[in-house]
Amino acid sequence: MSTATIAFVRSVNGAGARWYREAVANPEVTLHASGQAIRARAEAAADPDAIRRTNDALSGKYAGRGGIRPMLKPDVFDTTLRLVPS
C-alpha cells in the first residue's frame, strides 16, 4: 500500500452504487478537478484508522449540513476507499 493519499471517498449509497462497483472492479481511476485529470488507484480503506480519519474530515468539512448524516452511518463505512497516486 502506498503511503501517499490523494483523498478518501465513501459511497453514501453503499456497495451497490455504480461508481463504487466500477472503482472496485477497475481500481485505476481518474479524478477530474479544476480542469485537471489526476490518475489514482482506489484501495479498500475500511480499517479503523481510515474510517476515523474519513469521518473526522467529513464532519469538519460539512459541519452543520444535514446531508452529512448518511455518510457517517456505520453501514457504509466498509465502502471507504483510499485514492493513491498512480
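Start by selecting G60: this glycine is exposed, because its relative accessible area is 56%, and anything over 50% falls in that class. Keep in mind throughout that you are looking at a predicted model. G60 sits in helix α2, which covers residues 48-61. Now add D75 to the selection and draw a line between the two C-alpha atoms: G60 and D75 are 15 residues apart along the chain, and the separation comes to 20 Å.

**Zoom out to the whole chain**

Switch to a cartoon view and colour by secondary structure. You should find two helices and four strands. Walking from the N terminus, the elements appear in the order β-α-β-β-α-β. If you draw a box along the principal axes, the C-alpha atoms fill roughly 35 × 25 × 25 Å. The radius of gyration is 13 Å, which agrees with the value near 12 Å that a compact globule of 86 residues would have.

A surface view comes next. The accessible surface of the chain is about 5600 Å², and carbon and sulfur atoms account for 53% of that area. Of the 86 residues, 31% count as buried. For a sense of how the chain folds back on itself, consider contacts between residues at least 6 apart in sequence: 72% of these join residues at least 24 apart.

**The sheet, strand by strand**

Hide the helices for a moment and look at the strands. In what order do they lie in the sheet? The order is β1-β4-β3-β2, in an open sheet of four strands with antiparallel pairing. Pick out β1 (7-9) and β2 at the edges: each has a single partner strand, so one side of each is left without a neighbour in the sheet. Tilt the view to follow the twist, which averages 40° from one strand to the next.

Begin at the β1 edge. β1 and β4 run antiparallel and are joined by three bridges. Select A7 and you will find L83 of β4 opposite.

Move on to β4 itself (81-85). This strand is mostly covered, with four of its five residues buried. On its other pairing, β4 is joined to β3 by five bridges, again antiparallel. Three pairs are worth showing as sticks here:

- A42 has L83 of β4 as its bridge partner.
- A40 is paired with P85 of β4.
- E43 stands opposite R82 in β4.

The last pairing takes you to β2, residues 28-33, which runs antiparallel to β3 and is joined to it by six bridges. One pair to select is T30 with its bridge partner R39 in β3.

**The turn at S34**

Follow β2 into β3 and stop at the loop between them, where S34 is found. How many residues lie between the strands of this hairpin? There are two, and S34 takes a positive phi near 50°. Most residues other than glycine have a negative phi, yet S34 has its positive value although it is not a glycine. Show the surface again and S34 counts as exposed, because its relative accessibility is 79%.

**Into the core**

Bring the helices back and select α1 (18-25). α1 lies across β1, β2, β3 and β4, running at about 55° to β4. Now select A17, Y20, A23, V29, A40, A42, L81 and L83 together: these eight residues make up the largest nonpolar core. Which elements give two or more residues to this core? They are α1, β3 (36-44) and β4. As a general background, nonpolar side chains in soluble globular proteins tend to be buried together.

Finish on A40, a member of this core that you have already met as the partner of P85. Display its surroundings, leaving aside neighbours within four places in sequence. A40 is in contact with I6, P27, E28, V29, L83, V84, P85 and S86. Two of the names in that list, V29 and L83, also belong to the core.

Definitions and conventions: Residues numbered from 1 in each chain as written. Predicted model: local features only at pLDDT ≥ 70, side-chain atom pairs only at ≥ 80, totals over all residues. Heavy atoms only, no water. Core = buried A, V, L, I, M, F, W, Y, C linked by side-chain atoms within 4.5 Å. Buried < 20%, exposed > 50% of the residue type's maximum accessible area, 1.4 Å probe, protein only. Contact = heavy atoms within 4.5 Å. Pairing = 2+ DSSP bridges. Axes fitted to C-alpha atoms, helices over the stretch in contact; angles between N-to-C directions. Rg over C-alpha atoms; globule rule 2.2 N^0.38 Å. Areas by Shrake-Rupley, 256 points an atom, 1.4 Å probe, with all protein chains shown as cover.
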